[in-house]
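Q: I should like to go through this structure step by step. Could we begin with how its strands are paired?

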Amino acid sequence: MNPAVAELLQEIARAKLRAEERRNLAISQKYGIIRENGTLELRLPPPPAKPTSDDCCHSGCTPCIMDTYQDQLCAYNKKAADFKAQYKRALDGQTIEPHYLAERLLCGILDPLQFTPIRIMHVDYICDYSRLFVLEATARNFILALGEHIHIRADFDTKERITRPFTPVMVEAADGVVRPHLFVRLYDNRMSEYFKKLCAGDAISVRGPVITQENLTRAFSGQMCVLVGGGSGIAPIFQALQFAHINSTYRAKHIVVVHCARDTRGLWLAHHIQALKSKMPRLSYHTFLSRETHRLSADLLRQTLAQANCNARCHAIVCGPGTFNTDVMSWLFNIGIDDVQLL
């Protein structure tokens, strides 16, 4: 069998399995943030039942049933507060942690099994080699968890079809609404020809969410996390950074972000990262511009991580073009960081 066909069949099988998992989750988890008729609702479980005086034997038991109730009530109040905080983030259009969602299957306009059209609201012609597409969707109907992305299919007049993976980022658009932003690096190929012709009002064919096989939360398990993004590869890196920001366990983690682009026009996410930096005291952000300042090299990466007091107990995620990934992974290995996940 053609390897490309075999890979596609495997990916479809994974999508079906993921859909089934989400169906089971929707059935088994009755409480949480639930989508009903296109709107988000928060359903909290009932609080623990308070014992009556008749339930206590008054024999001086340790722990007493009343003490146990107080412990259960404290745990419930903490859990309810966590759900309410995540619900507020969801209403504000921010990314939320997936286990707070009671229903993830076909939520909103995304479908993991088939392509559906999504309209383009705005196109930002950043420069001759890149475009930024703002899609007509919101964080309430276009939900991607950490490690999830979409597939976009280009249909040509010759009946040729090309499908490529992309990771939109959820940030505030010009209208004040958090919407998916799709940054596309243009090359000399058929897919780039397709994107060059797209205008506001056109629709693109999207399938998702598609989940990566990597467990990206592993990158935050060490003493320090290094996130390196090149070109449009900064989108999955930003997704991981947003995940760390909303997760109280990882928000205070020592995180180093290395952002590589041709010039300042490729740093369209820089002000969003700086905004997160103001809320994450141990986050450092470094940019390398190959046509304006310096191209990232082994020595520059070593110096950057040395300044950040990097040690061998680091985990790294790298996302960029093929040769970029290969070079950066090799440089990290030489520095002593061997737990590197490539996207």
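A: Certainly. This is a predicted model. A useful starting point is Arg131, which stands opposite Val184 in strand S8.

Q: How many bridges join strand S4 to S8, and do they run parallel or antiparallel?
A: Strand S4, residues 130-135, is joined to S8 by 5 bridges, and the two run antiparallel.

Q: And what about S7, how many bridges join that strand to S8?
A: There are 4 bridges between S7, residues 169-172, and S8, and this pair is also antiparallel. Within the pairing, Val169 stands opposite His181 in S8.

Q: How many residues lie between the strands in the hairpin of S7 and S8?
A: The hairpin has 5 residues between its strands. Gly176 takes a positive phi near 85° in this hairpin.

Q: Is S8 itself buried or exposed?
A: Strand S8 spans residues 178-185, and 8 of its 8 residues are buried. The strand is therefore largely enclosed by the rest of the structure.

Q: Changing topic: how many disulfides does the structure hold?
A: It holds 0 disulfides.

Q: Which cysteine sulfur is nearest to that of Cys225, then?
A: The nearest is the sulfur of Cys314, which is 8.6 Å away. A disulfide requires the two sulfur atoms to be within 2.5 Å, so a pair at 8.6 Å does not count as one.

Q: Is Cys225 buried or exposed?
A: Cys225 is buried, with a relative accessible area of 0%.

Q: And where does Cys319 stand, buried or exposed?
A: Cys319 is buried as well, and its relative accessible area is 8%. The cut-off for buried is under 20%, so this value falls within it.

Technical notes:
Residues are numbered from 1 along each chain as its sequence is written. This is a predicted model: local features need pLDDT of at least 70, side-chain atom pairs count only at pLDDT 80 or more; totals for chains, interfaces and linings use all residues. Side-chain values use heavy atoms; hydrogens and water are left out. Buried means under 20% relative accessible area, exposed over 50%, partly exposed in between (1.4 Å probe, protein chains only). Two strands pair if DSSP finds at least two bridges between them.
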